[in-house]
Amino acid sequence: MSDNRPSLSVPFIPELDNLSKDEIISRLEEAGARRTIDCLNWKEQFPYRPLTTIAVAHSGNFIYIDFFVRCNYLRAVNFENNSSVHQDSCVEFFVCPDGNLPYYNFEFNCIGTAHAACRQDRHSGRQLTDAQLDSIKRFPSCGTRPFQELEGLFSWNLLVAIPLELMNLRFDGSPIEMTGNFYKCADLTDAPHFLSWSPISTPEPDFHRPEFFGRITLEGPTAG
């Protein structure tokens, strides 16, 4: 794993579990960790780079991620659990909860359809069940109805809250060290793209590469 990989400190904001969607988004804007998903790892084959940002925090029970995207193509064909959401306008969070395998891939299209699994690599793993997927809170600004690709100028966000227990994590107040990556893709749009937060050095697009994950720390309470 590269020694130059990026790091992210995820602040502890326990009140998030008791707030409304709009209040959560506002709190993440104020106090969450903010990053841009802008690594253009395969710029010759896939030069399109839609603006994509995240704001992240955790409550001790959930990790909250607010994805914001500005793009020219919008697609949301997949609407069933564990369908091929990466083909649509898609944002993703991959994580090794303790920095070691297995890792979890959480993928969401712009209407909040989820695909998630626990994996050793791209080819081996188990998909999360419908009940497990239902435990992930999702708030898509695009609504939840599927639609064919649209062209124009679009700004959209997706707020997700992923239970820590889905990743076999228990927060006891001490920081939790993890590794992971955040992605933006849209394989079957007219402008396919494959962006990451932590850089990936492979000949072709491949998000299932834990050796390129960045450092992520779920912080404990601040003193004061």
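These are my notebook entries on a few strands, two cores and a pocket in a predicted model.

**Entry 1: strand β6**

I began with β6, and found seven of its seven residues buried. I then sorted them by face. Cys90, Glu92, Phe94 and Cys96 sit on one side, with Val91, Phe93 and Val95 on the other, and both sides are covered. That fits the usual rule: side chains in a regular strand alternate between the two faces of the sheet.

Next I looked up the partners of β6. It runs antiparallel to β7, joined by six bridges, and Glu92 stands opposite Glu107 of β7. The two strands make a hairpin with six residues in between, and Gly99 in that turn has a positive phi of about 85°. β6 is also antiparallel to β12 (residues 176–185), here through seven bridges. In that pairing Phe93 faces Phe182.

**Entry 2: the cores**

Which residues have the most contacts inside the largest nonpolar core? I got Ile65, Phe106, Ile162 and Phe182, in a core of 48 residues. β5 gives the most to this core, with eight residues. Apart from it there is another core of 13 residues, and I noted Val85, Tyr103, Ile200 and Phe213 among them.

I went back to Ile65 for its contacts. Leaving out residues up to four places away in sequence, Ile65 touches Ile54, Ala55, Val56, Phe93, Leu158, Leu159, Val160, Ile162 and Phe182. So two names from the β6–β12 pairing turn up again, as Phe93 stands opposite Phe182.**Entry 3: the largest pocket**

I looked up the largest pocket and found about 270 Å³ of space in it. Of its 16 lining residues, His86, Glu92, Glu107, Arg122 and His208 are the closest to the centre. Glu92 and Glu107 are the pair I had noted as standing opposite each other. The lining divides into four nonpolar, six polar and six charged residues. I also checked which strands take part: β7 (103–109) and β8 each supply at least two residues of the lining.

**Entry 4: β8 and β9**

I followed β8 onward. β8 (residues 114–121) pairs with β9 (residues 124–127) in the antiparallel sense, over four bridges. A hairpin of two residues joins them, and Arg119 stands opposite Gly125 in β9.

**Entry 5: Ser83**

Is Ser83 buried or exposed? I found it at 15% relative accessibility, which is under the 20% cut-off, so Ser83 counts as buried. Ser83 is in the loop between β5 (62–76) and β6 (90–96). Not counting residues up to four places away in sequence, Ser83 touches Asn78, Thr113, Ala114 and His115.

Note on methods. Residues are numbered from 1 along each chain as its sequence is written. This is a predicted model: local features need pLDDT of at least 70, side-chain atom pairs count only at pLDDT 80 or more; totals for chains, interfaces and linings use all residues. Side-chain values use heavy atoms; hydrogens and water are left out. Buried means under 20% relative accessible area, exposed over 50%, partly exposed in between (1.4 Å probe, protein chains only). Contact means heavy atoms within 4.5 Å. Two strands pair if DSSP finds at least two bridges between them. A nonpolar core is a set of buried Ala, Val, Leu, Ile, Met, Phe, Trp, Tyr and Cys residues joined through side-chain atoms within 4.5 Å. On a 1 Å grid over the protein atoms alone, a cavity is a set of points where a 1.4 Å probe fits but cannot get out, and a pocket is an open set with protein on both sides within 12 Å along at least five of seven lines; lining residues have an atom within 4 Å of a point. Grid points are joined across faces, edges and corners, and a volume is the space filled by probe spheres set on the points. Ala, Val, Leu, Ile, Met, Phe, Trp, Tyr, Cys and Pro count as nonpolar, Asp, Glu, Lys and Arg as charged, and the others, Gly among them, as polar.
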